[in-house]
Amino acid sequence: MTVKIARRPPAQDVEPSGMWAHDLLREAVAGLFARPVRMALTVLGTMIGLAALVATLGLSRTAGNQIIARFDELAATEITVSAKPAPEGAPANELPWDGPARIARLNGVVAAGTLSNVDVGEALVAATTIRDPQRRTEFKLAVQAASPSMFTAVRAKLRTGRLPDEGHSKRAERVAVLGPNAAEQLGIAEVGRLPAISIGDEVFLVVGILDSVQRKHALSSAVIIPEGIARRLYHLPAPESVVIETKVGAASLLSRQVPTALRPDNPSGLKVAVPEQPQTLRAGVRSDLDVLFLMLGGVSLLVGAIGIANVTLVSVMERVGEIGLRRALGATRRHIAAQFLLESATMGVLGGIFGASAGMLVVVGVATYQKWTPVIDPIIPLLAPVIGGLVGVLAGAYPALRAARLEPVDALRSGT
Amino acid sequence: MAEAAAHTAPIPMIRLAGIGRRYGTVAPVVALRGIDLEVRAGEWVAVVGASGSGKTTLLNIVGCLDRQSGGTYWFDGIDVAALSDRQRAGLRSRRIGFIFQSFHLLAHRTVLENVMLAEAYARQPRAGRADRARAALAAVDLDSRTDFLPTRLSGGERQRVAIARALLNGPDLLLCDEPTGNLDSVTTDSILELLDGLHRGGLTIITITHDAGVAVRAERQVRLADGQIVGAR
């Protein structure tokens, strides 16, 4: 058989070896899929890492959003009005006693009540008149005066007994409601036997014990008495604050209307505390959660990277003969390094794609189970393949370098 | 006049002058020493010698897979020592074909893909690559095995695939490292027939072998012993 061979003229300029990018990609992909099970297991490592990253970030967003949503709802519907200190010599800026009634007429108000700290001097609160030297029976507890509607405004929940009403206040009756912590300190668990407490020398009948309050948490440890008795016994000059619960979305407008409703003659003498901007609060909480979960995801990703590095290194050692062949066919060190880098980067990208998908499924699954709204920053699943690719490149750098450093003669000697 | 002179004194395809190769520095092992050899275009030279005589080292230097420690090597008039690594790789991809004793086929790629691989590093256009590879396979009578994996081929067929791959880029020089070392006598004959056909077509071939039956097919034999040329005929 005669095979015709074309002869080239001698050339002084030797063209360097070259490779098209798509050829490089094809060789890398073919190299990867030559051992599909191993590749799948390696990708699994990165996938788990990135799935953990996406899932933890997604869950932190979702959980954070849930916490914030609840907090927002509470915070965004609360307004507290108090009097500003008056300039020296000027009459005091005082809140009116009928403030809650004035405010209740405004659209968007759910409940409003007055709340004041009562100055009882050094008086201690005790549940019994017997002084037992063996145990403490007197406590320094805050005493607060409240209008009946205040309990609604702070979302107080009654454990036992009843709450004081307008009648108690108007008649200045000596009744008191205990916050849950105060009741525990005083050793009062129920009001069936008409327990009494003394504030200094003044005796009050405990008519109710609170279970919890969602606003003004200081009330949990306080003795709450009606305004009427506070005015009579302790000369409370004016309410210290007005607590208002609004409908959702009404707080902002009401915060501008309330001062005029309370003190049309001097609205600027009042200070209105409006809810904190939810966005700021949300960012703060999320930031705390993100740091924690990013650390967890980072560790997972590191494990995935070590997996890629390990498998790529093993692959280089197993494919020494192939590297020798490629060098004999004209591959440069750069071609060899690029192929192995591309293989490890491809594994990283695949891990990123599958990991992002798995992570999102986890977030959606958990959110569905918890009846939450899943929240995922769209940039995170999009970034996952990029991060995976970078991890792949970093993890594959050393094995690729080792592959490129192999001398073709030594590599060929190892066989295929 | 110059043209006439060129015809009368053509540049040899391979010219080795005083080529030596040492490995290591502390207690160097001398694999080759003072090799002077010329191979003209279209010539078939067999390098023979016992194991460890330096045959493969010589082939590696001629194939630009290794660098000599001393002496000068001109490939088609080009001083190879002056070339960069990328240019040497360029020579391997475009002008030199290799055939190995152990075939060096990629087990997970089809016969066609194994042959096409040769063009990947020669930056040949992708269009028509499969057709060119099929043509190369047809030239070695393997056009019916294009989609087979090498593991399904016999030893002789694998070596034919390797020959097709070596020929795909139309090399000027074919280097054969014990091309029939893993083959039976019948298959050996068919491979030697194939090489003979390539030689008749004008291809320059250097074969290293310790098989006298293979060496006699070449036009010229060079005998190596202890890294030196000890005889030629």
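**Strand β7 of chain B and the contact with chain A**

In this predicted model, strand β7 of chain B, residues 173-177, is mostly covered, with 5 of its 5 residues buried. Side chains in a regular strand alternate between the two faces of the sheet. Here, L173(B), L175(B) and D177(B) point one way from β7(B), while L174(B) and C176(B) point the other way. Whichever way they point, all of these residues are buried, D177(B) included.

Next come the neighbours of the strand. β7(B) pairs with strand β6 of chain B (residues 96-99) in the parallel sense, and 4 bridges hold the pairing. Within that pairing, C176(B) of β7(B) is the bridge partner of I99(B). β7(B) is also joined to strand β8 of chain B, residues 204-209, this time over 5 bridges, and these two strands run parallel as well. Here L174(B) is found opposite I205(B) of β8(B). As for the connection, helix α7 of chain B (residues 185-200) completes a right-handed β-α-β unit together with β7(B) and β8(B).

Helix α7 turns up again where the two chains meet. The contact draws on 44 residues from chain B and 36 residues from chain A. On the chain B side, α3 (85-94), α4 (111-120) and α7 each put in at least two of the residues that touch chain A. The largest share of that side comes from α3(B), with 9 residues. Sorted by character, the chain B residues that touch chain A come out as 19 nonpolar, 13 polar and 12 charged. α7(B) thus appears twice in this picture: in the β-α-β unit with β7(B) and β8(B), and on the side of chain B that touches chain A.

How values were computed:
Residues numbered from 1 in each chain as written. Chains lettered and ligands numbered in written order. Predicted model: local features only at pLDDT ≥ 70, side-chain atom pairs only at ≥ 80, totals over all residues. Buried ≥ 20, exposed ≤ 12 C-beta atoms within 10 Å, placed from the backbone. Pairing = 2+ DSSP bridges. Right-handed = clockwise from strand over helix to strand, strands pointing away. Contact = placed C-beta atoms within 7 Å. Nonpolar A, V, L, I, M, F, W, Y, C, P; charged D, E, K, R; others polar.
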